[in-house]
Amino acid sequence: GQVIIDKNPGVTCVVNKTSIIDSTYRNFEMEVLAGESNLVTKVKENNTAYELDFSKVYWNPRLSTEHGRIVELLKPGDVLFDVFAGIGPFAIPAAKKKCRVFANDLNPESYAWLLHNCKLNKVCDKIKAFNMDGRDFLLGPVREELSKGLPLQAEEQKTSFHIVMNLPALALEFLDVFRHLVAGAAHGAAALPTVHCYAFSKHHDPAEDVRQRAEASLGASLRGRCSAHPVRNVAPNKEMMCISFQIPADVLYGRPCPVEGEE
């Protein structure tokens with residue numbers, strides 16, 4: 001650890017990861033090998049600066065290309081719902097691009113650093129931040145915004161809605177939330193929100209594996225209606241994938257179940 005510090009003038013602390021990420025908040029245990037016992041650090045990615053406590057929040061520099069790829073798909077005025085936002089590597093660049101952003105993270109430390117980084121990058125007016133369970137975020141603020149915004153956008157067709165779900169160990173299991181999420185009738189394909197959902201796969205055909213698992217959760221076929229993008233090789237025979245698709249209208253729209261006792 002001390003050799004690394006001696007060879008790299010900008011490094012003040014060297015740590016060793018002592019466990020895998022298996023906690024609800026996606027941070028991992030670390031031991032300090034050399035230098036200061038201060039794990040608050042500054043990073044720069046795609047011309048955006050972030051500050052974070054590396055011991056309490058999730059950060060992976062290997063995802064910078066993927067963060068940039070998704071933000072590149074957005075246009076000024078689009079709406080981004082970031083369900084598992086972390087400290088903001090999707091949300092903040094999207095806000096800098098003049099998108100309206102709703103960013104959520106369950107980890108109170110991530111939420112606090114998200115707010116800090118919004119101020120650091122002067123995008124507080126573009127981002128509404130939430131500290132909720134991802135499912136509650138989708139059933140609450142996301143449903144509310146889609147219910148208000150989709151009918152308007154179907155007429156104007158100027159704004160696109162994107163939902164990013166970067167929790168690859170579990171995100172596919174959340175897709176069932178979209179079943180009849182919005183009451184009423186469909187308002188046209190142009191207004192359907194696009195989901196970018198991340199997943200790990202150990203299958204010999206990871207794209208097919210992720211599509212089938214997404215379909216099982218959604219309860220609808222995505223064949224010919226989705227794309228699966230390889231993000232990175234996580235370990236031997238373990239790929240991280242991003243499946244992107246517009247939520248099928250027959251999945252998203254539907255009358256809510258009638259209250260018992262009512263006609």
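Helices here are DSSP runs of H or I with at least four residues, strands are E runs of at least two, and both are numbered from the N terminus; the expected span of a helix is 1.5 Å times one less than its number of residues. This is a predicted model, in which local features need pLDDT of at least 70 and side-chain atom pairs count only at pLDDT 80 or more, while totals for chains, interfaces and linings use all residues. Residues are numbered from 1 along each chain as its sequence is written, and side-chain values use heavy atoms, leaving out hydrogens and water.

Q: How far apart are the end C-alpha atoms of helix α4?
A: Helix α4 covers residues 108-120, 13 residues in total. At 1.5 Å a residue it should span 18 Å, and the model agrees, with the end C-alpha atoms apart by 18 Å.

Q: Within what arc do the buried residues of α4 fall?
A: Buried means under 20% relative accessible area, with exposed over 50% and partly exposed in between (1.4 Å probe, protein chains only). In α4 the buried residues are S110, W113, L114, N117 and C118. Seen down the axis, they line one face of the helix, because the directions from the axis to their C-beta atoms fall within an arc of 145°.

Q: Which elements do the buried residues of α4 pack against?
A: Contact here means heavy atoms within 4.5 Å. One helix and four strands are named by their labels: the partners are α3 (91-96), β3 (40-45), β4 (48-53), β6 (100-104) and β7 (127-130).

Q: Which residue follows α4 with a positive phi?
A: Just past the helix, phi is near 55°. The residue is K122.
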